[in-house]
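Let's take a stroll through a protein model and see where its rings and greasy side chains sit. Have the picture open while you read.

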Amino acid sequence: MNVTLTWQFQGFLISIAAGFFLGAFYDVFRIFRTVFQSEQRAVFCQDLFYMVVVAFVTFLVALGVNYGDVRFYILAGEGIGWCFYFLTVGFVTLQVFRFLSKIVKRYIISPIQWVNSKISHFIAQMIGIIVKNIKILAAIPKKRLKHCRSIVYNQCIGIVRERVKQKGGGSAK
């Protein structure tokens, strides 16, 4: 298949645009990583997902521009577009996002964390007071049944009669 130089130049411009949009897509992951402070496994999965998307977009661009033939100028165009985004708009986007995240942390997240800590401290104090009162109530001697040597009724009555005699009480029959 013969592809003219004009068609190749248009494909190169399309691949630069695709690289620019892939750079913007990567910026979403950068912002997500800074907000949620991703672990290494999460970063690996995000990068893997990004690379799969990039491969799919590159295939679609090559399919649309060059009938599925992957040529160097398509890959170079995507790289140039990505670098152009990353060094211009991406830099500004990252600086603006860092500024906005500082404002959000200072005026929204910090007050919420402060209120949350005060509420949890109050709840912990109330639980401590309740536990302390339960311990005090458990320590107060209650009117409990006297422990007999065995549960048999006749033996308990015999013990009660002996105690009454020892105290010098009346006649127990």
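What follows covers aromatic pairs, a nonpolar core and a surface patch.

## Rings in pairs

Keep in mind that this is a predicted model. To describe two aromatic rings, you give the distance of their centres and the angle of their planes. This structure has eleven aromatic pairs. Take F20 and F21: their ring centres are 6.1 Å apart and their planes sit at 85°. That makes the pair edge-to-face, because an angle over 60 degrees counts that way.

How exposed are these two? F20 is partly exposed, at 24% relative accessibility. F21 is exposed, with a relative accessible area of 59%, because the cut-off for that word is over 50%.

## A pair across two helices

Now look at F25 and F49, with 6.4 Å from centre to centre and 55° between the planes. This pair is tilted, because its angle is neither under 30 degrees nor over 60. It links distant parts of the chain: F25 belongs to helix α1 (residues 5-36), while F49 belongs to helix α2 (residues 40-66), and 24 residues separate them.

F25 is partly exposed, with a relative accessible area of 27%. F49 is partly exposed too, at 47%. Both rings also belong to a bigger group: ring pairs tie F25, Y26, F29, F49, Y50, W82 and F86 together into a cluster.

## The nonpolar core

Which residues make up the largest nonpolar core? There are six of them: A18, V61, A62, V65, Y73 and I74. Helices α2 and α3 (72-87) each bring at least two residues to this core. The largest share, three residues, comes from α2.

Y73 is a good residue to click on. If you skip its neighbours within four places in sequence, Y73 is in contact with Q8, G11, F12, S15, V65 and N66. One of those contacts, V65, is a fellow member of the core.

## A greasy patch on the surface

Nonpolar residues turn up on the surface as well. Here F91, V92, V96, F99, L100, I103, V104, Y107, I108, I109 and I112 form a nonpolar patch. Together they have about 1000 Å² of accessible area.

Let's zoom in on one member, I109, which lies in helix α4 (residues 89-139). Is I109 buried or exposed, or something in between? With a relative accessible area of 36%, I109 is partly exposed. That value lets I109 into the patch on the area test, because patch residues need over 30%.

Conventions. Residues numbered from 1 in each chain as written. Predicted model: local features only at pLDDT ≥ 70, side-chain atom pairs only at ≥ 80, totals over all residues. Heavy atoms only, no water. Phe/Tyr/Trp six-rings, centres within 6.5 Å; stacked < 30°, edge-to-face > 60°. Buried < 20%, exposed > 50% of the residue type's maximum accessible area, 1.4 Å probe, protein only. Helix = DSSP H or I, 4+ residues; strand = E, 2+ residues; numbered from the N terminus. Core = buried A, V, L, I, M, F, W, Y, C linked by side-chain atoms within 4.5 Å. Contact = heavy atoms within 4.5 Å. Patch = residues over 30% accessible without salt bridge, like charges linked within 9 Å, V, L, I, M, F, W, Y side chains within 5 Å. Areas by Shrake-Rupley, 256 points an atom, 1.4 Å probe, with all protein chains shown as cover. Salt bridge = Lys/Arg side-chain N within 4 Å of Asp/Glu carboxyl O.
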